[in-house]
Amino acid sequence: MDILEFIEKGVSPFHVVAQAAELLEAEGFCRLEETKLWQVEPGGKYYVTRNQSSIIAFCLPKNKPVNYHIMASHSDSPTFRIKKLNQGNTDYGKAEVEGYGGMIYSSWLDRPLTIAGRLLIDREDGLESKLVYVDKDLLVIPNLAIHFNREINKGYAYNPQVDLQSIYGGPEADLEGVLREAAGLSPEDEIVDHDLVLVTRQKPVRLGTSGEFFMAPRIDDLACVATTLEGFLQSMENSCDSIRIWTVFDNEEVGSGTRQGAMSNFLPQTMERIEEGLGLTRQEGMCLRSASLLISADNAHATHPNLPAKSDSQFSVCLGGGIVVKYNASQKYTSTGLTAAALDMVCLREGLMTQAFANRADSPGGSTLGNLLSQQLSIPMVDIGIPQWAMHSAVETAACQDLKDMIVLSAGFYASDLIQVEDGKWKI
């Protein structure tokens with residue numbers, strides 16, 4: 001898999017899941033539907049989606065399972081969601097948008113943008129979801145000239161309703177027509193609704209004297225999505241007695257509290273179906289979960305080279321310095337000494353270095369999938385990530401070596417016999 005190509009094509013959560021499903025099916029994974037009864041077999045490979053924006057893939061051992069090995073990441077990134085098409089005034093066509101997630105507003109201005117997502121089409125036999133991506137420079141959010149705001153370089157509070165609306169053409173421009181053409185719709189097809197977002201048009205690029213870094217939109221968290229999927233697929237070459245699960249949730253950037261988010265019943269319900277399909281009792285399922293490890297893979301902050309004081313000097317994180325293990329005393333990250341040490345057992349076996357991240361004591365920091373997922377699923381967890389700069393900017397920066405390390409870690413974890421044999425005791 002080309003990781004940068006996966007990131008480039010992951011223009012919306014729907015496109016991320018569609019890409020993943022295509023790759024899984026190419027490796028022999030069978031699609032399941034939540035609306036239907038499941039028939040799963042030992043040694044089988046399966047996947048299921050929810051809302052077309054979250055996905056769970058799993059591989060069952062041929063023998064009776066001893067635990068779960070799970071990695072979780074998220075498909076969404078901060079962006080602008082389109083509220084209404086063809087919203088115009090006397091001079092320009094304007095797409096009415098609102099912010100999704102905690103983005104760096106200024107990074108979205110004065111750059112080519114386009115639109116991606118899904119259209120809901122009324123067909124004779126029901127409602128159809130149609131993915132769409134307009135592969136052209138289509139919109140811009142223009143800055144105000146410095147001549148009208150001489151103080152802008154001293155800091156400016158953007159008003160999303162006023163300053164951050166996107167322009168797609170003159171008064172006669174037909175945005176819906178552009179979307180219809182991109183989606184291959186006929187004039188008779190009626191668009192009854194849509195889930196659309198703005199997308200930065202910059203392609204991933206490598207930089208640095210040796211090409212050691214790369215810049216791309218949506219590194220948070222598609223770098224983890226792509227690398228953990230690659231590791232998951234590579235691990236299929238090795239048999240083990242764990243149930244291997246790879247999962248990607250939507251809506252992490254807005255709190256995960258949706259039907260397709262980490263706080264939903266998507267993963268617990270899937271695990272219940274697996275256990276029932278394998279003929280396990282409820283208590284046997286409890287034993288499996290207690291012996292398991294879930295790795296929440298959501299990117300981490302590297303220490304900023306120009307602003308190192310923003311980070312704890314005792315926890316310097318470098319691009320290319322290894323996978324980051326994240327800690328937080330308030331449990332916004334789920335890592336404990338015990339689960340981090342269990343992860344280290346895998347890293348040592350694979351010859352990988354890790355870095356530790358903790359916020360300054362006077363900075364609350366953010367949260368991630370792990371602590372939210374743990375409210376629905378009682379499994380030992382650890383939070384890790386690929387280090388990056390400019391998290392939540394329209395374009396972010398990370399190191400190529402860290403992508404390779406995450407693939408190695410993922411493949412090694414999925415194929416390992418890591419297990420918690422009793423409370424507080426792990427072996428591999």
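How many of the 428 residues in the chain, as a percentage, are buried? Buried residues make up 53% of them, where buried means under 20% relative accessible area, exposed over 50% and partly exposed in between, using a 1.4 Å probe and protein chains only.

Before you click on, some ground rules. This is a predicted model, in which local features need pLDDT of at least 70 and side-chain atom pairs count only at pLDDT 80 or more, while totals for chains, interfaces and linings use all residues. Residues are numbered from 1 along each chain as its sequence is written, and side-chain values use heavy atoms, with hydrogens and water left out.

**Whole chain**

Start with the cartoon view. You'll find 10 helices and 22 strands; these are DSSP runs numbered from the N terminus, helices being H or I with at least four residues and strands E with at least two. The radius of gyration is 22 Å, close to the 22 Å from the globule rule for 428 residues, so the chain is as compact as a globular protein of that length. (That radius is taken over C-alpha atoms, and the rule is 2.2 Å times the number of residues to the power 0.38.) The C-alpha trace spans about 70 × 60 × 40 Å along its principal axes.

**The sheet**

Now colour the open sheet of 9 strands, ordered β1-β2-β3-β13-β4-β14-β18-β16-β17 with mixed pairing. Two strands count as paired if DSSP finds at least two bridges between them. At the edges are β1 (30-32) and β17 (354-357), each with a single partner strand, so one side of each has no neighbour in the sheet. On average, neighbouring strands are turned by 25° against each other, direction ignored.

Select 67-74 and 242-249 next: these are β4 and β13, which pair in the parallel sense over 8 bridges. Look for His-74, which sits opposite Phe-249 in β13. Then bring in helix α5 (219-234), packed on the sheet and touching β3, β4, β13 and β14 (293-297), with its direction at about 150° to that of β4. Touching here is contact, meaning heavy atoms within 4.5 Å. Axes are lines fitted to C-alpha atoms, for helices over the stretch in contact, and angles run from 0 to 180 degrees between N-to-C directions. Add helix α2 (13-26) too: it lies across β1, β2 (45-50), β3 (54-59) and β13, at about 20° to β3.

**Strand β18**

Zoom to 381-385. Which residues cover the two faces of β18? On one side are Met-381, Asp-383 and Gly-385, on the other Val-382 and Ile-384, and all are buried. A parallel run with β14 is joined by 4 bridges, and Ser-296 stands opposite Asp-383. With β16 (323-326) the pairing is antiparallel, over 2 bridges, and Val-324 faces Gly-385.

**Salt bridges**

Switch on side chains. The structure holds 16 salt bridges, each a side-chain nitrogen of Lys or Arg within 4 Å of a carboxyl oxygen of Asp or Glu. Try Lys-9 and Glu-5 (2.8 Å, N to O), both in helix α1 (3-9) and 4 residues apart, about one turn of the helix. Lys-9 is partly exposed at 44%, as is Glu-5 at 34%.

For a buried pair, pick Arg-289 and Glu-275, whose closest N and O atoms are 3.2 Å apart. Arg-289 is in helix α7 (282-290) and Glu-275 in helix α6 (266-277), so the pair ties together parts 14 residues apart in sequence. Their relative accessible areas are 16% for Arg-289 and 8% for Glu-275. Finish on Glu-34, Arg-50 and Arg-259, joined into one network by salt bridges that share partners.
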